[in-house]
Amino acid sequence: MKNLYNLTVPLRDGITLAADRYGPAGDAPAPAIVLGTPYGKNDPRRPAQAALMAERGYAVVIYDVRGRGDSDGVFEPYRNEGRDGYDVIEWVAAQDWCDGNVASWGGSYSGHAQWLTALEKPPHLRAIVAYATPSDPFVDFPTGTRLPQEVCWYRMVDRRALQNVAGIDWNAVYSHLPLYTMDEAAGFVSAAWRADIGHAPGDTEYWAPLAYQQKLSVVDVPALHITGWYDDVQPGTLRNFAAMVSKAPTEKARRAQRLVMGPWGHDAGRAGGRRIGDVDFGDHAEDVEVTDLELRFLDHHLRGIDNGVDREARARLFLMGRGEWRDADEWPLPETVWTSLYLRSAGDANTRGGGGRLTIDAPASEEPTDTYRYDPADPVPFLTEPTSMQIGGPDDYAEVEDRDDVLVYLGPELGEPLTVIGPVRAELFVGSDAPDTDFTAKLVDVGPDGVRRRLCDGIVRARYREGFAMELALRPGVVYRVEVDMWSTAHEFSVGHRVGLEISSSAFPKYDRNQNTGGSIVHGAEPRVAHNEIWHGPERPSRLILPVIPGLDPV
């Protein structure tokens, strides 16, 4: 079966998409793998990827999504991918070179698009392989706005061809206010950026076409979910796996879900499986080879090969700190012991040199409040490369913790290993003299050498503390309870290490800076300083909640 280029795929509304088909050896009809991408089907990496799958007996169809590359129409991020994906899958299944069995495949944008397509229930969709998949709006960016670094992504997909983002001072761009015209600061004007950032999270009609996670109970398809603990859209993969295991409409589909979480970033293990930055996760980090895993999964569900995939554990999780893979069947793990570590201090938790502590025992009496000054003009840095390719990793936050606007709480030196696998959250009792502000929380592993490795983190915007349906102002002198979703991790704290928690009000440029005014986040450009408080006592027990796995035996 020879390769075919620039095939014309008709859609129901008369638009046509451009697709390349890579064929396996021989002329017999074959199962097909479909990838829709906004990044160009002509990407020079595509032929090599397709060749691996074609050698395994698959026809591989890679198409430019609507309005990108060689495809017709107007690109509106995510908004047409569900119906268009359905039409492409059914068109492929009807071709004489396809045997009627089709899988979707791809990551990041293409991962999200696959789930939107799956909601349309194309009859010939047999399996999904989705990696590094974003969540519904405002799960991965809980401040209620687009992430500042996403303006880099909007620049890349401006017009039809993939744009070059080199040569732009992105750090200066991210500092621009108002957010609405951040695109101009990057040297272009994007209707898509302004439409997306201009709609509040409470505008459910606008955001509904991008939402899929509350609807997964209608998806009756085996799925392979893959990403890394340092993926900057990590929650989507874990939420999708958990939802499909518990809510897929048939037991067969529920049993056919598979999850792989490696020591990886947004590349989901495709750019080298054992290192991020200066951290080497060990020899075993490379024991799972993503492409081989995908092909085994597809062989079973599209070609009916009995290769044991259906009898393996549903989840494979890499345990950082210990450097080993662990099998599981559910997420979160059923043996999890939800363990509270209480924030304690004499009102002196500022900086890593302060007196902030984490203890198993809750405060027996009211303790002095920890206070700090949050200035949007001098935000706490989130360590990351300036583009949107990968936002953060296992970086050392020791120098960041020297800032007076960072509260640091430390547990005691560990006399035995502490294993944490699952979602992490902080429950904080807070106050502020501003009508709106943010509260951030970061879990770090503090080593005997003083290195403070980021594991996971999160943020809550005070105006949305009870959800995005309404905006609630803060009142001076009132103490509020807020929860910070710090995402998830799988990490073993070694003997002699400490559990560390950082609390502040900014993590820039991962998240936009709250301007503390209570006014428009998107159009505001005159920020004010906020004086913020963390309370801890028997009536206001601020705490870190860890998913501890007890008694983990050696492999």
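Where is Arg-159 found, in terms of the helices that flank it? Arg-159 is found in the loop between helix H4 (150-156) and H5. This is a predicted model, and that loop is a handy way into it.

**Around H4 and the loops that follow**

Arg-159 isn't a glycine, yet its phi is positive, at about 65°. With a relative accessible area of 69%, Arg-159 is exposed. For context, most residues other than glycine have a negative phi, and most peptide bonds are trans.

Step back to Met-156, which lies in helix H4, and the setting changes. Met-156 has a relative accessibility of 9%, so it counts as buried, the cut-off being 20%. Leaving out residues up to four places away in sequence, Met-156 touches Arg-68, Ala-161, Leu-162, Gln-163, Val-165, Ser-388 and Met-389. One of those partners, Ser-388, sits 232 residues away along the chain from Met-156, and their C-alpha atoms are separated by 9.8 Å.

Moving on past H5, we get to Pro-178, whose place is in the loop between helix H5 (170-174) and helix H6 (182-185). The peptide bond from Leu-177 to Pro-178 is cis, with omega near 0°.

Then there's Val-189, in the loop between H6 and helix H7 (191-197). Val-189 has a relative accessible area of 54%, so it is exposed. Setting aside neighbours within four places in sequence, Val-189 contacts Asp-158, Asp-183, Glu-184 and Arg-194. For a sense of scale, take Val-189 and Pro-334: they are 145 residues apart in sequence, and their C-alpha atoms are 49 Å apart in space.

**Backbone oddities**

Here are the positive-phi residues and cis bonds, with their places in the chain.

| Site | Backbone value | Place |
|---|---|---|
| Ser-108 | phi about 60° | loop between strand E5 (98-107) and H3 |
| Lys-121 | phi about 55° | just after H3 |
| Arg-159 | phi about 65° | loop between helix H4 (150-156) and H5 |
| Leu-177 to Pro-178 | cis, omega near 0° | Pro-178 in the loop between helix H5 (170-174) and helix H6 (182-185) |
| Phe-508 to Pro-509 | cis, omega about 15° | Pro-509 in the loop between strand E21 (498-504) and strand E22 (530-535) |

**Helix H3 and its ends**

Ser-108 is found in the loop between strand E5 (98-107) and H3, and its phi is positive even though it is not a glycine. Whereas Arg-159 is exposed, Ser-108 counts as buried, at 19% relative accessibility.

How many of the eleven residues of H3 are buried? Eleven of the eleven are, so H3 is largely enclosed by the rest of the structure. The run goes from Tyr-109 to Leu-119, and among its buried residues are His-112, Trp-115 and Leu-116. Just after H3, Lys-121 takes a positive phi of about 55°.

**Helix H9**

H3 also turns up in the surroundings of H9: what covers the buried residues of H9 includes helix H3 (109-119), along with helix H10 (251-255). Strands contribute too, including E7 (223-228), E8 (257-262), E11 (315-319) and E20 (480-493).

Ten of the 14 residues of H9 are buried, so this helix is largely enclosed by the rest of the structure. The buried set runs through Gln-234, Pro-235, Gly-236, Thr-237 and Leu-238, then Asn-240 and Phe-241, and finally Ala-243, Met-244 and Val-245. An α-helix has 3.6 residues a turn, so residues three or four places apart point the same way.

What about the length of H9? At 1.5 Å a residue, its 14 residues (234-247) should span 20 Å, and the end C-alpha atoms are 20 Å apart, which agrees.

**The whole protein**

Zooming out, the secondary structure comes to eleven helices and 23 strands. For 555 residues, a compact globule would have a radius of gyration near 24 Å, and the protein's 24 Å agrees with that. Along the principal axes, the C-alpha atoms fill a box of roughly 75 × 55 × 40 Å.

Of the 555 residues, 61% are buried. Among contacts with a separation of 6 or more, 74% are between residues 24 or more positions apart. The exposed area is about 21,200 Å², with carbon and sulfur atoms supplying 50% of it. As for charge, the protein has 56 positive and 83 negative side chains, and the centres of the two sets lie 3 Å apart.

Note on methods
Residues numbered from 1 in each chain as written. Predicted model: local features only at pLDDT ≥ 70, side-chain atom pairs only at ≥ 80, totals over all residues. Heavy atoms only, no water. Helix = DSSP H or I, 4+ residues; strand = E, 2+ residues; numbered from the N terminus. Expected span 1.5 Å × (residues − 1). Buried < 20%, exposed > 50% of the residue type's maximum accessible area, 1.4 Å probe, protein only. Contact = heavy atoms within 4.5 Å. Rg over C-alpha atoms; globule rule 2.2 N^0.38 Å. Areas by Shrake-Rupley, 256 points an atom, 1.4 Å probe, with all protein chains shown as cover. Lys, Arg positive; Asp, Glu negative; His and termini not counted. Charge placed at Lys NZ, Arg CZ, Asp CG, Glu CD.
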